[in-house]
Structures are given as structure tokens and as C-alpha cells.
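Thanks for coming. Please have the sequence and the model open while I talk, and stop me if a residue is hard to find.

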Amino acid sequence: MRVLLFERGGTILLERRPPLGIWGGLWSLPELALEDDPRAFARAHFGADVEPTATLAPIAHGFTHFALTLHPQRMQ
């Protein structure tokens, strides 16, 4: 899963997850599938014309019942 890191003036963009399902209602970084285009996602969801910059190191996290690897992508 790719997570997008939008930063402006020291503020990070978070979005609220849907109320139902896992982690319902929590705030998180915008996320999309690895194969999806982050520019198109930003345009469609936020009306933002941005460019990917640095791809950060993956973050692996283990839960009791599954493993999750986040692939952070800085956006400018």
C-alpha cells in the first residue's frame, strides 16, 4: 500500500477513514494501491496538481493476524 505525504508549511494532510470497517473514522495519510498513479489520485481526490518527489523507505508493521508494508511517497 502506498501512502502519500503532502506537506505545506509544516502541516501534513490527513484524511478521515470511512466510518465503517477496519480503523473506521480514524485519521490517516491518504492511501492508494502501489500500481495507482499518485498524480491522478491527488487530482481526483483533492483537486491538487502535484508531483511525486522522494520515495521514502518502506515501513513494515506486523499485526497479530497480518503484515502491512507502507510505501510512503512525498508529494510536492
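The second largest pocket is lined by F6, E7, R8, T11, I12 and L13. Two elements give two or more residues to that lining, namely β1 and β2, the latter covering 11-12. The biggest contribution is from β1, with three residues. Sorted by class, the lining has three nonpolar, one polar and two charged residues. The space in this second largest pocket is about 160 Å³. I should say now that this is a predicted model, so please keep that in mind for the rest of the talk.

Next, the largest pocket. How much space lies in it? About 260 Å³. Its lining counts 14 residues, and W23, S28, E31, L68 and L70 are the ones nearest the centre. Here the elements that give two or more residues are β4, at 27-28, and β8, at 67-75. The largest share is from β8, with three residues. By class, this lining has eleven nonpolar residues, one polar and two charged.

Now back to E7, from the lining of the second largest pocket. Which residue forms a salt bridge with E7? That is R74, with the closest N and O atoms 3.3 Å apart. R74 sits in strand β8 and E7 in strand β1, so this pair ties together parts that are 67 residues apart in sequence. Are the two partners buried or exposed? R74 has 30% relative accessibility, so it counts as partly exposed. E7 is at 44%, so E7 counts as partly exposed too. As background, side chains of opposite charge can pair when their charged atoms come close.

In total, the count comes to four salt bridges. I will describe two others. D37 pairs with R39, and their closest N and O atoms are 3.7 Å apart. E51 also forms a salt bridge with R39, with a closest N and O distance of 3.3 Å. This second pair links distant parts of the chain, since E51 is in the loop between α1 and β6 (52-55) and R39 is in helix α1, twelve residues away. Through shared partners, D37, R39 and E51 become one network. On accessibility, D37 is partly exposed at 35%, R39 is partly exposed at 32%, and E51 is partly exposed at 42%.

What about the nonpolar core? The largest one has seven residues: L4, F6, L32, F41, A42, V50 and M75. The elements giving two or more residues to this core are β1, which runs 2-8, and α1, which runs 38-46. Take M75 as an example. Leaving aside residues up to four places away in sequence, M75 touches L4, L5, F6, P38, R39, V50, E51, P52 and T53. Among those are R39 and E51, which we met in the salt bridge network.

Finally, Q76, in the segment after β8. Is Q76 buried or exposed? Its relative accessibility is 66%, so Q76 counts as exposed; the cut-off for exposed is over 50%. With the same sequence neighbours left out, up to four places away, Q76 touches V50, E51 and T53. The C-alpha atoms of Q76 and A48 are 9.8 Å apart, while the two residues are 28 residues apart along the chain.

That is what I have. Questions are welcome.

Notes. Residues are numbered from 1 along each chain as its sequence is written. This is a predicted model: local features need pLDDT of at least 70, side-chain atom pairs count only at pLDDT 80 or more; totals for chains, interfaces and linings use all residues. Side-chain values use heavy atoms; hydrogens and water are left out. A nonpolar core is a set of buried Ala, Val, Leu, Ile, Met, Phe, Trp, Tyr and Cys residues joined through side-chain atoms within 4.5 Å. Buried means under 20% relative accessible area, exposed over 50%, partly exposed in between (1.4 Å probe, protein chains only). Helices (H or I, at least four residues) and strands (E, at least two) are DSSP runs, numbered from the N terminus. Contact means heavy atoms within 4.5 Å. On a 1 Å grid over the protein atoms alone, a cavity is a set of points where a 1.4 Å probe fits but cannot get out, and a pocket is an open set with protein on both sides within 12 Å along at least five of seven lines; lining residues have an atom within 4 Å of a point. Grid points are joined across faces, edges and corners, and a volume is the space filled by probe spheres set on the points. Ala, Val, Leu, Ile, Met, Phe, Trp, Tyr, Cys and Pro count as nonpolar, Asp, Glu, Lys and Arg as charged, and the others, Gly among them, as polar. A salt bridge is a side-chain nitrogen of Lys or Arg within 4 Å of a carboxyl oxygen of Asp or Glu.
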